[in-house]
Amino acid sequence: MAGRNISVSEASRPKLPRHAKLKFDETRQVWVILAPERVLAPDEIAVEVLQLCDGERSVAEMVDHLAAKYAAPREAILTDVIAMLQDLADKGFLTEVREKTP
Amino acid sequence: MSDILTEGKTEAVAPTDGLTVLEQRRSTATSYGIPLAVLAELTHRCPLQCPYCSNPVELDRSGSELTTEEWKKVMTELVELGVLQIHFSGGEPTARKDLVELVQHANDVGLYTNLITSAVLLTKERLAALADAGLCHVQISFQGNEPVVADRVAGLKNSHEKKIQAARWTRELDLPLTVNAVMHRQNLHQLSDIIQMAVDLDADRLEVANVQYYGWALKNRAALMPTIAQIEETSRIVEEAQARLKGVLAIDYVVPDYYALRPKKCMGGWGRQFFNISPAGKVLPCHAAESITGLEFESVRSNHSIAWIWQNSEAFNRYRGTGWMPEPCKSCEFREVDYGGCRCQAFALTGDAGNTDPACTLSPMHERIFKLAETEAAANNNRFLYRNFAGGTLETEGDHGA
């Protein structure tokens, strides 16, 4: 079951919900997010982050990966990634897999 | 069905939203874009008789509907043209026996699929088959938050109960759900309860869509037009709910343009982002375009490709861009913000689709239609003319058209 009203943190394992599809648009040669009544055009950094959002990787793991890849300070990347994902979550374009409660 | 593709939403368009960004990158043709989305009206048949139906007053008969194979060919062509999304609508799209097959084909060719439905014909099994076929999103229209008002507006007994059931199945199948609430004078008092209903149904999104007045809704304007007091209250309720439900329920609000100062950017501009295919295969700049007499519309059954029709047909080019505009639009600083508003509304209210939409305060007609709306709302004549193939049936005492 998809989560609602999520607060993105390092421990979150976000993914795109079923109604939001990340896709490369061959005709226009840009990445797009397809959602109900919306077509969003994420920038290159957002696309790279979203491609890591598979519901298994945590935000911490994504940030580690990006910090290593771009040899950039982890703290700065963490702040940017969380802000971007939280914005998408608030708009309903991001969900997270919840741990099953026993 | 909803008027999703035609409405100006009150929320500001995000800088990351669709065409704006795509056009900044100059990845599209210079004067108009590659269409983003298509509204596929599979049929005009519908078990409901809503007095504000967005279908034309002259409905396409079932015998003229495109076949399964014709729709499949259309969808393949749409992808080649660069269309990203298809909205299956009607009439009632689930009245088509081949809907699952059509959704499957759309998914196979790479289209994002949205089902815009009244939901009263759905079974859980059929919904599951649609989910398996790759359906991305379900949008269910509601006429109220309880059966007395809702069934009367729909002109169908037990419709509200069936909708609630179908909405629950939608979420049980983990399909994303938009509740589309079409609002007017006779149900606006239920808005707070409708918002709560959407939350209780675990909807992702709620469209609070004020009726737009052309076609059937224009015939029923006196019975539907809200009062100014209602509109002010509506805006207050929506704004409060948007803040309170952030991250839980996204709420899109479509303002009634009779009470607006600026007209809506109808269809995002004529022939600019969207088009509609009618049950019989006409390619239309918007779903109400056939109400404009004197325009010829090409069919997918003609010798022309859909791409040719989009780029070259007279109907698409007639009101495309800003070159066609008379004053006051011609020299207006907002001409590329709203593209002169809605052509169908201009035609319905002024007799000329090339006039400024009277919803605009700069239109010489604006004052008159605003007063008319006020007068009609105050007169409080609540009798509906129900939508049907016979040209409409007036509501009689107690039958509720059902």
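Two strands are taken to pair if DSSP finds at least two bridges between them. The model discussed here is a predicted one, and that criterion underlies the strand pairings described below for its chains.

**Strand S8 of chain B and its partners**

In the hairpin formed by S8(B) and S9(B), 5 residues lie between the strands, and Gly281(B) takes a positive phi near 100 degrees. The two strands of this hairpin run antiparallel and are joined by 2 bridges, S8(B) covering residues 274-277 and S9(B) covering residues 283-284; within this pairing, Asn276(B) stands opposite Leu284(B). S8(B) also pairs with strand S1 (residues 37-41) of chain B, here in the parallel sense and over 4 bridges, with Ile277(B) as the bridge partner of Ala40(B). As for the side chains of S8(B), Phe274(B) and Asn276(B) point one way while Phe275(B) and Ile277(B) point the other way, and all of these residues are buried.

**The sheet in chain A**

Chain A contains an open sheet of 3 strands in the order S2-S3-S4, with antiparallel pairing. Its edge strands, each of which pairs on one side only, are S2 (21-25) and S4 (38-40) of chain A, and neighbouring strands of the sheet are turned against each other by 35 degrees on average, direction ignored. Between S2(A) and S3(A), Asp25(A) stands opposite Val30(A), which belongs to S3(A).

The bridge counts given for individual strand pairs are set out below.

| Strand pair | Sense | Bridges |
|---|---|---|
| S2(A) and S3(A) | antiparallel | 5 bridges |
| S1(B) and S8(B) | parallel | 4 bridges |
| S8(B) and S9(B) | antiparallel | 2 bridges |

**Two helices of chain B**

Helix H5 (residues 147-154) and helix H6 (residues 159-172) of chain B pack at an angle of about 105 degrees, with their axes 8 Å apart. Because angles of 65 to 115 degrees count as roughly perpendicular, H5(B) is roughly perpendicular to H6(B). Pro147(B), Ala150(B), Asp151(B) and Ala154(B) on the H5(B) side meet Ser159(B), His160(B) and Glu161(B) on the H6(B) side, and the residues of this contact divide into 3 nonpolar, 2 polar and 2 charged.

**The contact between the chains**

The contact between the chains draws 28 residues from chain B and 24 residues from chain A. On the side of chain B that touches chain A, helix H1 (18-24) and strand S3 (112-117) of chain B each supply at least two residues, and H1(B) gives the most, with 3 residues. By residue class, that side of chain B comprises 12 nonpolar, 10 polar and 6 charged residues.

Definitions and conventions
Residues are numbered from 1 along each chain as its sequence is written. Chains are lettered from A and ligands numbered from 1 in the order in which they are written. This is a predicted model: local features need pLDDT of at least 70, side-chain atom pairs count only at pLDDT 80 or more; totals for chains, interfaces and linings use all residues. Two residues are in contact if their C-beta atoms, placed from the backbone, lie within 7 Å. Ala, Val, Leu, Ile, Met, Phe, Trp, Tyr, Cys and Pro count as nonpolar, Asp, Glu, Lys and Arg as charged, and the others, Gly among them, as polar. Axes are lines fitted to C-alpha atoms, for helices over the stretch in contact, and angles run from 0 to 180 degrees between N-to-C directions. A residue is buried if 20 or more other C-beta atoms lie within 10 Å of its own, exposed if 12 or fewer, and partly exposed in between; C-beta atoms are placed from the backbone. Angles under 35 degrees count as roughly parallel, over 145 as roughly antiparallel, 65 to 115 as roughly perpendicular and the rest as oblique.
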